[in-house]
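Open the model in your viewer and keep the selection tool at hand. This tour goes from stop to stop, saying what to pick and what is there.

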Amino acid sequence: AVVAASCAPLPQDGRTAIVDGHRVAFRVIGSGRPVVVMLSGLGDGMDTFDDVAAELGKARTVIVYDRAGYGGSERGTGPRDAAAAARELSGLLAQSGVAGPYVLSGHSLGGLLAEYYAAKHPDQVAGLILEESRPSDFTRRCDESVRWAMCVPPSWLVWLMPKGARDEVAALSRVTYQVKSSTPMQNKPVLVLSRATKRTGKHSFDRVWAEAQSDLAARYPGSRHLTRESGHYLHHEQRAWFVASVQAFLHGG
């Protein structure tokens, strides 16, 4: 049986789908094409994109949603790995009434899940936007190079997050393996957005993150990689730049 999360009230325009036996909350904002589907990072629900989704939705359709155990979505059963996230998103999109193909925009862990979905459903995906996306090999690189760094979220922090986040952290090693083992989407446009870093030591967290972002872009030949001084949440801290960069990408710029 599905274990229900403490579900938050749905937004006024909120909708639900039933996927793998649990309720998934989502919103469809705006109209027109291309259709952008936004995947949030660890610990965040769809409301993290409220401002940028409203901006982007002025000229196209934007879909945002809560993964299992977040916000208005019930907690799912079984490991919350990339395969489960892909089933959830596929079912949601099929029930949304919005036809593909879709441009997937993933932040942090959401970027990993977007990569996996694009690899497994290339016919449904028109492009990828990876915002401060967690590269599939980052935990290994961080563990090998950075002293005293928190390469994965500490357990005390995870326990303060929604239950869905705890399930995702428990499955993180499965997610990274699934993404690394998948053939990356090919011959489709990809935009990588990451924070610019100041000159730091060879073994600093920021240096390792920056190098991993460059290698992530290289995983997709022909991709465009843009940086901006910011923290991890480009869509909050550099909102105007994020929106402008995404709009230019969607227009083929």
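**Stop 1: a salt bridge in helix α4**

Select E144 and R140: their side chains form a salt bridge, with N and O 3.1 Å apart. The model is predicted, so keep that in mind at each stop. Both residues sit in helix α4, residues 138–145, and because they are 4 residues apart, about one helical turn separates them. Is E144 buried or exposed? E144 counts as exposed, because its relative accessibility is 58%. R140 has a relative accessible area of 41%, so R140 is partly exposed.

Now widen the selection to D137, R140, R141, E144 and D215. Salt bridges with shared partners join these residues into one network. Across the structure there are 16 salt bridges.

**Stop 2: from helix α10 to helix α1**

Pick R239 and D51 next. They form a salt bridge whose closest N and O atoms are 3.8 Å apart. R239 belongs to helix α10 (residues 239–250) and D51 to helix α1 (residues 50–56). The pair links distant parts of the chain, 188 residues apart. R239 has 34% relative accessibility, so R239 counts as partly exposed. D51 also counts as partly exposed, because its relative accessibility is 45%.

**Stop 3: a buried salt bridge**

Move to R67 and E168. Their side chains meet in a salt bridge, 2.6 Å from N to O. Which parts of the chain does this pair tie together? R67 is in the loop between β4 (61–65) and α2 (82–96), while E168 is in helix α6, so the tie joins parts 101 residues apart in sequence. R67 and E168 are both buried. Keep both selected for the next stop.

**Stop 4: the largest cavity**

Add A68, R80, D81, A85, E88, L109, L113 and V175 to R67 and E168, and you have the residues that line the largest cavity. The space inside is about 80 Å³. Helices α2 and α3 (109–120) each give at least two residues to this lining. What classes of residue make up the lining of the largest cavity? It has 5 nonpolar and 5 charged residues, with no polar ones.

**Stop 5: the second largest cavity**

The structure holds 2 cavities of 30 Å³ or more. For the second largest, select L39, Y65, A82, A85, A86, L89, L113, Y116 and Y117. About 40 Å³ of space lies there. Helices α2 and α3 each supply at least two of the lining residues. Which element gives the most to this lining? That is α2, with 4 residues. By class, the lining has 9 nonpolar residues, no polar and no charged ones.

**Stop 6: the aromatic cluster**

A pair of aromatic rings is described by the distance of the centres and the angle of the planes. The structure holds 3 aromatic pairs. Start with F138 and W209, an edge-to-face pair with 4.8 Å between centres and 80° between the planes. F138 is in helix α4 and W209 in helix α8, so the pair ties together parts 71 residues apart in sequence. Both F138 and W209 are buried.

Keep W209 and add F205. How do the rings of F205 and W209 pair? Their centres are 6.4 Å apart and their planes at 10°, so the pair is stacked. F205 and W209 are 4 residues apart in helix α8, so about one helical turn lies between them. W209 has a relative accessible area of 4%, so W209 is buried. F205 counts as partly exposed, because its relative accessibility is 28%. Show F138, F205 and W209 together: they form one aromatic cluster.

**Stop 7: the largest pocket**

End at the largest pocket, with a volume of about 560 Å³. Which of its lining residues are the closest to the centre? Select L42, S108, R134, P153 and H232, the closest of the 20 that line the pocket. Then show α6 (163–170) and α8 (205–218), the elements that give two or more residues to the lining. Colour the lining by class to see 15 nonpolar, 2 polar and 3 charged residues.

Conventions
Residues numbered from 1 in each chain as written. Predicted model: local features only at pLDDT ≥ 70, side-chain atom pairs only at ≥ 80, totals over all residues. Heavy atoms only, no water. 1 Å grid on protein atoms, 1.4 Å probe; cavity = no way out; pocket = protein on both sides within 12 Å on 5 of 7 lines; lining within 4 Å. Points joined across faces, edges and corners; volume = space filled by probe spheres on them. Nonpolar A, V, L, I, M, F, W, Y, C, P; charged D, E, K, R; others polar. Salt bridge = Lys/Arg side-chain N within 4 Å of Asp/Glu carboxyl O. Buried < 20%, exposed > 50% of the residue type's maximum accessible area, 1.4 Å probe, protein only. Phe/Tyr/Trp six-rings, centres within 6.5 Å; stacked < 30°, edge-to-face > 60°.
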